[in-house]
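Got the viewer open? Let's take a walk through this one, a stop at a time, selecting as we go.

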Amino acid sequence: MGRMAVIWLILLALCALGSAQDEGPDVDIYCGDKNCYDVLGLSREATKKEIQKNYRKLAGKWHPDMFRTAEEKSVAEKTFMQIATAYETLRDDEARQEYDYMLDHPEEMWRNYYRYYRRRVGPKVDVRLVLAVTISLISAAQYYFSWSNYNEAIKFFASVPKYRIQATEIAKADGLLKKDKKADRGKSKEEIKEEEESVIRNVIMDRMDIRGAYAKPNWKDVLWVQLVLLPYTIFIYAQWYGNWVWRFWIKREEYTREEHIYLLRKQMGVSQGKFNMMEEDELEDMLEQELWKPENYKEYKAQKDAEMRAKMAESGRYKQYRRYMKNHANDRMTFDDS
């Protein structure tokens with residue numbers, strides 16, 4: 001986007017340059033055929049108050065509503081627009097500074113055109129502010145939806161009899177579901193049931209190990225925090241990678257369990273969150289088969305793919321799909337890009 005904006009600015013500058021050359025060398029790219037200071041009847045040392053005073057005076061004099069005939073209105077409208085442009089240029093400190101620079105350095109034609117069109121067609125809002133607001137909104141949405149997913153997971157486990165019974169037994173053993181008639185006096189059955197449900201959910205939250213996309217949100221996973229910690233993260237990764245090269249490429253040390261797990265995840269090509277969702281028994285079985293080695297994992301994956309194809313071939317739904325494709329293959333819609 002930034003590169004395209006610069007290209008458009010250059011094209012606009014070229015067009016304006018061509019029109020300016022046609023009209024003559026004395027054309028002011030800001031105020032047309034006059035100097036902006038001359039338009040308002042001011043010197044370059046004029047103060048903001050003087051600029052505002054002269055603008056109001058001239059704007060009232062040349063307002064199109066002050067004239068009757070169409071010809072007079074047309075002339076007044078052009079003059080009024082020129083006065084407004086001069087005022088907009090000189091009342092803003094940054095725009096006035098750029099305009100004064102153009103008057104003092106007319107030989108820097110390309111730079112003056114670029115600064116002029118950058119101000120005219122460039123964004124009025126600071127890009128840094130837009131980025132900050134966007135990242136903040138994404139971070140807030142990310143944190144909200146993470147908690148929403150986590151709460152949905154807790155509700156699901158609380159509805160599964162197996163986990164609900166375990167959570168209830170733990171709560172009773174810890175004395176969290178002990179009924180107190182004095183404390184429950186004045187409460188409705190719905191309120192008592194809601195309190196018990198809250199206790200069961202809290203037990204599940206404390207004891208249940210939920211991983212992956214439905215894991216409990218961590219403030220370190222928020223986008224803003226990750227961006228702030230990005231230099232530190234890069235430093236840690238560089239340090240870790242250097243340590244890996246030194247230990248296992250140069251010194252030829254043997255891999256430990258931690259390195260085996262890392263290499264296994266790389267062989268599987270899955271994210272850390274998805275890898276964490278694996279059952280412990282499945283992980284141990286894969287480590288025993290030494291699947292962190294490329295040749296072992298390739299053989300293992302080919303075997304699993306063959307088993308999946310055999311299972312699908314025995315599936316009634318898959319057989320039905322194959323029959324449909326065999327009988328209706330010519331009815332499928334295809335895209336001909338020839």
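Start by selecting helix H4 and helix H5 (residues 93-104) in this predicted model. Their axes are 5 Å apart and the helices pack at an angle of about 100°, which means H4 is roughly perpendicular to H5, since anything from 65 to 115 degrees falls in that class. To see where they touch, show the side chains of Thr 89, Leu 90 and Arg 91 on H4, then Asp 93, Ala 95, Arg 96 and Tyr 99 on H5. Color this contact by class and you get three nonpolar residues, one polar and three charged.

Keep Tyr 99 on screen and add Tyr 30. Tyr 30 sits in the loop between helix H1 (2-23) and helix H2 (36-39). Follow the chain from Tyr 30 to Tyr 99 and you cover 69 residues, yet their C-alpha atoms are separated by 8.0 Å. Is Tyr 30 buried or exposed? Its relative accessibility is 9%, so Tyr 30 counts as buried. Now bring up what surrounds it: leaving out residues up to four places away in sequence, Tyr 30 touches Cys 36, Thr 85, Thr 89, Glu 98, Tyr 99, Met 102 and Tyr 116. You met Thr 89 and Tyr 99 a moment ago, in the contact of H4 with H5.

Next, hold on to H4, which spans residues 70-91, and add helix H3 (residues 48-61). These two pack at an angle of about 170°, and their axes are 10 Å apart. Because that angle is over 145 degrees, H3 is roughly antiparallel to H4. The crossing of this pair is left-handed. On the H3 side, pick Lys 48, Ile 51, Gln 52, Tyr 55, Leu 58 and Ala 59; on the H4 side they meet Phe 80, Ile 83, Ala 84, Tyr 87, Leu 90 and Arg 91. Sorted by class, this contact has nine nonpolar residues, one polar and two charged. Leu 90 and Arg 91 appear here, and both also take part in the contact of H4 with H5.

Time to move along the chain. Select helix H7 (residues 127-159) and find Phe 157 in it. With 16% relative accessibility, Phe 157 counts as buried, because the cut-off is under 20%. Which residues does Phe 157 contact, once neighbours within four places in sequence are set aside? Tyr 163, Arg 164, Ile 204, Met 208 and Ile 210. For a distance check, click the C-alpha atoms of Phe 157 and Met 205: they are 48 residues apart along the chain and separated by 9.6 Å.

Now jump to helix H13 (257-268) and select Glu 259, which lies in that helix. Glu 259 is buried, with a relative accessible area of 8%. Skipping residues up to four places away in sequence, Glu 259 touches Trp 244, Arg 247 and Phe 248.

While H13 is selected, add H15, residues 280-288. The axes of H13 and H15 come within 11 Å and cross at roughly 95°. That makes H13 roughly perpendicular to H15. Here Arg 257, His 260, Ile 261, Leu 264 and Met 268 of H13 meet Glu 280, Leu 283, Glu 284, Met 286 and Leu 287 of H15. This contact divides into six nonpolar residues, one polar and three charged.

Two loop residues come next. Pick Arg 252, in the loop between helix H12 (230-250) and H13. What is its phi? It is positive, about 60°, although Arg 252 is not a glycine. Arg 252 is exposed, with a relative accessible area of 64%. Then go to Glu 290, in the loop between H15 and helix H16 (294-314). Glu 290 has a positive phi too, of about 55°, and is not a glycine. At 33% relative accessibility, Glu 290 counts as partly exposed.

Finally, zoom out to the whole chain in cartoon view. How many helices and strands are there? The chain has 17 helices and zero strands. It has 338 residues, and 24% of them count as buried. Switch on the surface: the accessible area is about 26100 Å², with 55% belonging to carbon and sulfur atoms. And of the contacts between residues at least 6 apart in sequence, 59% join residues at least 24 apart.

Note on methods: Residues numbered from 1 in each chain as written. Predicted model: local features only at pLDDT ≥ 70, side-chain atom pairs only at ≥ 80, totals over all residues. Heavy atoms only, no water. Helix = DSSP H or I, 4+ residues; strand = E, 2+ residues; numbered from the N terminus. Buried < 20%, exposed > 50% of the residue type's maximum accessible area, 1.4 Å probe, protein only. Contact = heavy atoms within 4.5 Å. Areas by Shrake-Rupley, 256 points an atom, 1.4 Å probe, with all protein chains shown as cover. Axes fitted to C-alpha atoms, helices over the stretch in contact; angles between N-to-C directions. Parallel < 35°, antiparallel > 145°, perpendicular 65-115°, else oblique. Left-handed = near helix turned anticlockwise from the far one by under 90°. Nonpolar A, V, L, I, M, F, W, Y, C, P; charged D, E, K, R; others polar.
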